[in-house]
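Dear colleague,

I am passing this structure on to you, with a summary of what was found in it below. Please read the notes with the coordinates open beside you.

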Amino acid sequence: MTTHSYSPAAVAHIEIAPTELAHITGAVIVGDHDGRIQVTGTVEPSHVMPGMVSVETEAGTLYLDAELPVTIVNPTIQTREDRDDIEGLAHTVGLLKAS
């Protein structure tokens with residue numbers, strides 16, 4: 001019998017290519033130590049730093065390696081403050097029936 005473990009953090013965060021940030025309005029990037037920053041402007045290949053993606057955030061321009069994935073808060077989870085609502089996570093993974 002195979003057992004599956006459920007990790008809210010694994011569902012709450014997803015990894016995408018930096019260029020995909022351009023298609024997610026208001027994406028929230030998650031750092032290595034769980035710091036977060038919201039994308040507020042353009043996302044495009046950098047002309048200043050070849051091989052990097054220029055991302056306009058609430059704190060200024062962030063340059064991301066175009067080849068490395070970036071972790072963001074999962075945009076499909078409907079939650080309250082900080083997008084870590086357990087009920088929203090449970091609905092997302094099918095643990096609760098839709099009401």
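Is G60 buried, partly exposed or exposed, going by its relative accessibility? The model is a predicted one, and in this model G60 has a relative accessibility of 26%, so it counts as partly exposed, given that the buried class ends at 20% and the exposed class begins over 50%. G60 belongs to strand β5, and its C-alpha atom lies 9.4 Å from that of V39, a residue 21 positions away in sequence.

Before going further into that strand, here is the overall layout. The protein has two helices and six strands, and, read from the N terminus, the order of its elements is α-β-β-β-β-β-β-α. Of the 99 residues in the protein, 28% are buried, while the accessible surface comes to about 6800 Å², with 53% of that area belonging to carbon and sulfur atoms. Among the contacts with a separation of 6 or more, 43% are made by residues that are 24 or more positions apart.

Strand β5, which covers residues 60–65, runs antiparallel to strand β4, residues 52–57, and six bridges join the two. Together β4 and β5 form a hairpin, with two residues between them, and across this pairing E56 stands opposite T61 of β5.

Two residues of the hairpin were looked at individually, one from each strand. On the β4 side is S54, which has a relative accessibility of 10% and therefore counts as buried, the limit for that class being 20%. Once its neighbours within four places in sequence are set aside, S54 is in contact with T42, V43, E44, S46, T61, L62 and Y63. On the β5 side is Y63, whose relative accessible area of 34% makes it partly exposed. Leaving out residues up to four places away in sequence, Y63 touches S46, M49, M52, V53 and S54, and its C-alpha atom is separated by 9.3 Å from that of P45, which is 18 residues away along the chain. S46 thus appears in the contact list of S54 and also in that of Y63.

Next comes the largest pocket, which has a volume of about 200 Å³. The residues that line this pocket are I29, V30, G31, D32, G35, I37, L62, L64, P69, V70 and T71. Two or more lining residues come from each of the elements β2 (28–30), β5 and β6 (70–73). By type, the lining divides into seven nonpolar residues, three polar ones and one charged one.

Two of the lining residues, P69 and V70, are also contacts of I16, a residue that deserves a separate look. I16 is placed in strand β1, residues 13–16, and with a relative accessibility of 9% it counts as buried. Neighbours within four places in sequence aside, I16 is in contact with L21, I24, P69, V70 and I72. The C-alpha atoms of I16 and T71 are separated by 6.5 Å, although the two residues are 55 positions apart along the chain, and T71 is itself among the residues that line the largest pocket.

Finally, which residue other than glycine has a positive phi, with a value near 70°? That residue is D34, and you may wish to look at its backbone in the viewer. D34 sits in the loop between β2 and β3, the latter covering residues 36–45, and its relative accessible area of 42% places it in the partly exposed class.

With best regards

Technical notes: Residues numbered from 1 in each chain as written. Predicted model: local features only at pLDDT ≥ 70, side-chain atom pairs only at ≥ 80, totals over all residues. Heavy atoms only, no water. Helix = DSSP H or I, 4+ residues; strand = E, 2+ residues; numbered from the N terminus. Buried < 20%, exposed > 50% of the residue type's maximum accessible area, 1.4 Å probe, protein only. Contact = heavy atoms within 4.5 Å. Areas by Shrake-Rupley, 256 points an atom, 1.4 Å probe, with all protein chains shown as cover. Pairing = 2+ DSSP bridges. 1 Å grid on protein atoms, 1.4 Å probe; cavity = no way out; pocket = protein on both sides within 12 Å on 5 of 7 lines; lining within 4 Å. Points joined across faces, edges and corners; volume = space filled by probe spheres on them. Nonpolar A, V, L, I, M, F, W, Y, C, P; charged D, E, K, R; others polar.
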